[in-house]
Amino acid sequence: AGKNDSAIEQYNKALEADPKHLPALLGLARLYDRTGEFEEAVAAYKKAVEAHPDSAAAFNDLGLCYARANRLNESVAALQRSVAIDGDKPLYRNNLAKVLVEVGRSDEAY
């Protein structure tokens, strides 16, 4: 509803209750990401992947955030991790391929 400050406050309350709550970590990170606050988004995504190192979704979203922030090498690394965790999900492979093409590694993307 466009109430970003209220949403951030609610996510932070949820994280006070459970600092490792994956939906709250990702929700907060995605909110920062959508509003172009990439450093805050990356920090929240990093908390998510540290707390949940087997979450392909968290690594995928971190990788996409890095790409939007033009941190392409970090993007590739995060997206490769998401594919390593869940290589059966076409979305993760496609996201990795897009960034690999962007960094001039088309052969790997294919």
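**Group meeting: salt bridges and fold of an all-helix model**

R71 has a relative accessible area of 21%, so it counts as partly exposed. That value, like the others in this talk, comes from a predicted model. I start with R71 because its 21% is just above the cut-off; buried means under 20%.

The partner of R71 is E74, and their side chains form a salt bridge with an N to O distance of 2.7 Å. E74 is partly exposed as well, at 34% relative accessibility. The pair does not stand alone: a network of salt bridges links E39, R71 and E74.

How many salt bridges does the structure hold? The count is 7. One of them joins R30 and D61, with 2.5 Å from N to O. R30 belongs to helix α2, residues 22-34, and D61 to helix α4, residues 56-68, so this bridge ties together parts that are 31 residues apart in sequence. As for exposure, R30 is partly exposed at 33%, while D61 is buried at 11%.

Another bridge is between R105 and E108, where the closest N and O atoms are 2.7 Å apart. R105 is partly exposed, with a relative accessible area of 29%, and E108 is partly exposed at 47%.

On charge overall, the protein carries 14 positive and 17 negative side chains. The centres of these two sets are 3 Å apart.

Now the fold. The protein has 7 helices and 0 strands, so from the N terminus the order of elements is simply α-α-α-α-α-α-α. Along the principal axes, the C-alpha atoms fill a box of roughly 45 × 25 × 20 Å. Does the radius of gyration agree or disagree with a compact globule? It agrees, because a compact globule of 110 residues would have a value near 13 Å and the protein has 14 Å.

Of the 110 residues, 37% are buried. The protein exposes about 6,400 Å², and carbon and sulfur atoms supply 49% of that area. Taking contacts between residues at least 6 apart in sequence, 40% join residues at least 24 apart.

One buried residue to finish: N95, in helix α6, residues 90-102. Its relative accessible area is 7%, which means that N95 counts as buried. Which residues does N95 contact, leaving aside neighbours within four places in sequence? They are N60, L64 and L79.

Methods:
Residues numbered from 1 in each chain as written. Predicted model: local features only at pLDDT ≥ 70, side-chain atom pairs only at ≥ 80, totals over all residues. Heavy atoms only, no water. Helix = DSSP H or I, 4+ residues; strand = E, 2+ residues; numbered from the N terminus. Buried < 20%, exposed > 50% of the residue type's maximum accessible area, 1.4 Å probe, protein only. Contact = heavy atoms within 4.5 Å. Rg over C-alpha atoms; globule rule 2.2 N^0.38 Å. Areas by Shrake-Rupley, 256 points an atom, 1.4 Å probe, with all protein chains shown as cover. Lys, Arg positive; Asp, Glu negative; His and termini not counted. Charge placed at Lys NZ, Arg CZ, Asp CG, Glu CD. Salt bridge = Lys/Arg side-chain N within 4 Å of Asp/Glu carboxyl O.
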